[in-house]
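This report describes one protein chain from its fold down to pairs of side chains. The sequence and the structure come first, and the description follows.

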Amino acid sequence: MQHTESQWPMYVSLKKSEKLVGRWTSVQWEVDQMLPATHAAPAGAHLILLELHKDERGSYRINIDMDNAMLYIVCDETEDGEWKPVAISADQNVAAGCLEADTPVLNIPMPKAIACWIEAFITRHGEVEICAHRRKHVNRRKNQGPSTDHTADRL
């Protein structure tokens with residue numbers, strides 16, 4: 001299965017490890033393997049699409065411009081406590097939303113090939129203005145809003 005300009009199918013497998021923390025045993029999940037679907041499927045791997053969306057380009061840009069770009073593997077916890085990967089995203093807002101909803105998320109360093117693919121996607125569809133915070137009450141085009149009220153300067 002080949003990737004397209006907005007979808008890259010991946011095989012993802014997880015592994016569970018038990019670690020002793022003090023007197024207690026703690027179960028931790030981590031990504032065992034993540035391979036493009038052009039390879040043979042590893043044992044126990046799930047086929048998942050890494051899909052890019054135009055409205056998430058700003059988040060992709062922030063992610064790939066960081067020194068430690070990440071991919072986020074969203075998981076589903078089964079009734080018996082096992083984790084199953086169900087989605088992959090390069091958008092940290094998707095991961096944060098899942099974590100807020102108590103959905104398990106694992107993160108792994110983003111492979112350079114995927115970072116280049118995302119860069120090409122952003123270039124093809126155009127850059128998006130990135131704002132650290134949004135101020136909807138300010139109309140920049142008309143130079144109106146609380147930050148443009150300069151009456152205090154006259155005092």
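D102 is exposed, because its relative accessibility of 71% is over the 50% that marks an exposed residue. The model is a predicted one. D102 is placed in the loop between α2 (92-100) and β6 (105-109). Its backbone has a positive phi of about 60°, although D102 is not a glycine. Most residues other than glycine have a negative phi.

A second loop carries D80, which sits between β4 (70-77) and β5 (83-89). D80 also counts as exposed, because its relative accessibility is 59%. On the surface, D80 belongs to a patch of negative charge together with D76, E77 and E79.

**Overall fold**

The protein chain contains three helices and six strands. Along the sequence these elements follow the pattern β-β-β-α-β-β-α-β-α. Of the 155 residues in the protein chain, 32% are buried.

**Aromatic pairs**

A pair of aromatic rings is described by the distance of the centres and the angle of the planes. In the whole structure, a search finds three aromatic pairs. One of them is formed by W29 and W83: the ring centres are 5.9 Å apart and the planes meet at 10°, so this pair is stacked. The two residues come from distant parts of the chain, with W29 in strand β2 (residues 24-36) and W83 in strand β5, 54 residues apart. W29 is buried because its relative accessible area is 13%, under the 20% cut-off. W83 counts as partly exposed because its relative accessibility is 22%.

Another of the pairs joins Y60 and F121, whose ring centres lie 6.5 Å apart with the planes at 70°, so the arrangement is edge-to-face. Y60 belongs to helix α1 (residues 57-65) and F121 to helix α3 (residues 112-125), so this pair ties together parts that are 61 residues apart in sequence. Both Y60 and F121 are buried.

W83 also provides a backbone distance across the fold. Its C-alpha atom is 9.9 Å from that of S13, and the two residues are 70 residues apart along the chain.

**Salt bridges**

Side chains of opposite charge can pair when their charged atoms come close. The search of the whole structure finds six salt bridges. The table lists some of them.

| Salt bridge | N to O distance |
|---|---|
| E5 and R124 | 3.6 Å |
| K15 and E30 | 3.5 Å |
| R61 and E119 | 2.9 Å |

The salt bridge of E5 with R124 has its closest N and O atoms 3.6 Å apart. E5 lies in the segment before β1 (7-21), while R124 lies in helix α3, so the pair ties together parts that are 119 residues apart in sequence. E5 is partly exposed because its relative accessible area is 38%. R124 is partly exposed as well, because its relative accessible area is 44%.

K15 and E30 form a salt bridge between strands, with the closest N and O atoms 3.5 Å apart. K15 is in strand β1 and E30 in strand β2, so the parts tied together are 15 residues apart in sequence. K15 is partly exposed because it has a relative accessible area of 37%. E30 counts as partly exposed because its relative accessibility is 31%.

R61 and E119 meet through their side chains in a salt bridge, at 2.9 Å from N to O. R61 is in helix α1 and E119 in helix α3, so this salt bridge ties together parts that are 58 residues apart in sequence. Is R61 buried or exposed? R61 counts as buried, because its relative accessibility is 9%. Its partner E119 is partly exposed, because the relative accessible area of E119 is 31%. R61 and E119 are also members of one network with D65 and E127, joined by salt bridges that share partners.

Helices α1 and α3 are thus linked in two ways: the aromatic pair of Y60 with F121 and the salt bridge of R61 with E119.

Terms used. Residues are numbered from 1 along each chain as its sequence is written. This is a predicted model: local features need pLDDT of at least 70, side-chain atom pairs count only at pLDDT 80 or more; totals for chains, interfaces and linings use all residues. Side-chain values use heavy atoms; hydrogens and water are left out. Patches are made of residues with over 30% relative accessible area and no salt bridge: like charges are joined within 9 Å, nonpolar side chains (Val, Leu, Ile, Met, Phe, Trp, Tyr) within 5 Å. Accessible areas come from the Shrake-Rupley method with a 1.4 Å probe; for residues, only the protein chains shown count as cover. A salt bridge is a side-chain nitrogen of Lys or Arg within 4 Å of a carboxyl oxygen of Asp or Glu. Lys and Arg count as positive and Asp and Glu as negative; His and the chain ends are not counted. The place of a charge is taken as NZ of Lys, CZ of Arg, CG of Asp or CD of Glu. Helices (H or I, at least four residues) and strands (E, at least two) are DSSP runs, numbered from the N terminus. Buried means under 20% relative accessible area, exposed over 50%, partly exposed in between (1.4 Å probe, protein chains only). Rings of Phe, Tyr and Trp (its six-membered ring) pair if their centres lie within 6.5 Å; planes under 30 degrees apart count as stacked, over 60 as edge-to-face and the rest as tilted.
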